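How are the strands of this chain arranged, and how do helices pack on them? The report below takes up these two points in turn.

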Amino acid sequence: MIRESLSPGTGGGGKKARSGKAPARKRPRRKTVMIVNPNAGRISEGARNHVVAALRARMDVDVVATTARDTGVDLSTEAARSGVETVIAFGGDGHINEVVNGVAETDVGLGIIPGGTMNVFARALGIPLDP
């Protein structure tokens, strides 16, 4: 995080907006890939689209869907190699397991949005079940 020095004589004051606060700096948008299991148990397509829209308001998100068992591993490995900062798994326990295995031993951050039937992994971590 970049912080501006506010010590006297360091030039950290800058121009202030009329509200008296310094203008907000735009942070670069985090490059993210969300890997979705469209067959996951409890999330409707509408709810999934709502989550994607909310994330896109804050991040640069590409969304890809798995097409068969174990494709989550390949998609997350490919995302990690492409240089993204974060991979988000949106699905159930099996899907999350695949995505985790694809980003294992990389510096890529992992996000989890529970979308399965039981969501045992998310429950164990205390992740809210309502995306």
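In this predicted model, four strands form an open sheet in which the order is 2-1-3-4 and the pairing is parallel. The edges are taken by strand 2 and by strand 4 (109-114), each of which pairs on one side only. On average, and with direction ignored, neighbouring strands of this sheet are turned by 20° against each other.

Within the sheet, strand 1 (residues 31-36) pairs with strand 2 (residues 60-65) in the parallel sense, and six bridges join the two. To get from strand 1 to strand 2 the chain passes through helix 1 (residues 45-56), and the resulting β-α-β crossover is right-handed. Along this pairing, M34 has V63 of strand 2 as its bridge partner, while V36 stands opposite A65, which also belongs to strand 2.

Two helices can be described by the strands that they meet and by the direction in which they run, as set out here.

| Helix | Strands met | Angle |
|---|---|---|
| Helix 1 (residues 45-56) | lies across strand 1, strand 2, strand 3 (86-91) and strand 4 | about 155° to strand 2 |
| Helix 3 (residues 93-103) | touches strand 1, strand 3 and strand 4 | about 160° with strand 3 |

Helix 1 thus has two roles in this description, since the chain crosses through helix 1 between strand 1 and strand 2, and helix 1 also lies across strands of the sheet, including strand 3 and strand 4.

Conventions:
Residues numbered from 1 in each chain as written. Predicted model: local features only at pLDDT ≥ 70, side-chain atom pairs only at ≥ 80, totals over all residues. Heavy atoms only, no water. Pairing = 2+ DSSP bridges. Right-handed = clockwise from strand over helix to strand, strands pointing away. Axes fitted to C-alpha atoms, helices over the stretch in contact; angles between N-to-C directions. Contact = heavy atoms within 4.5 Å.
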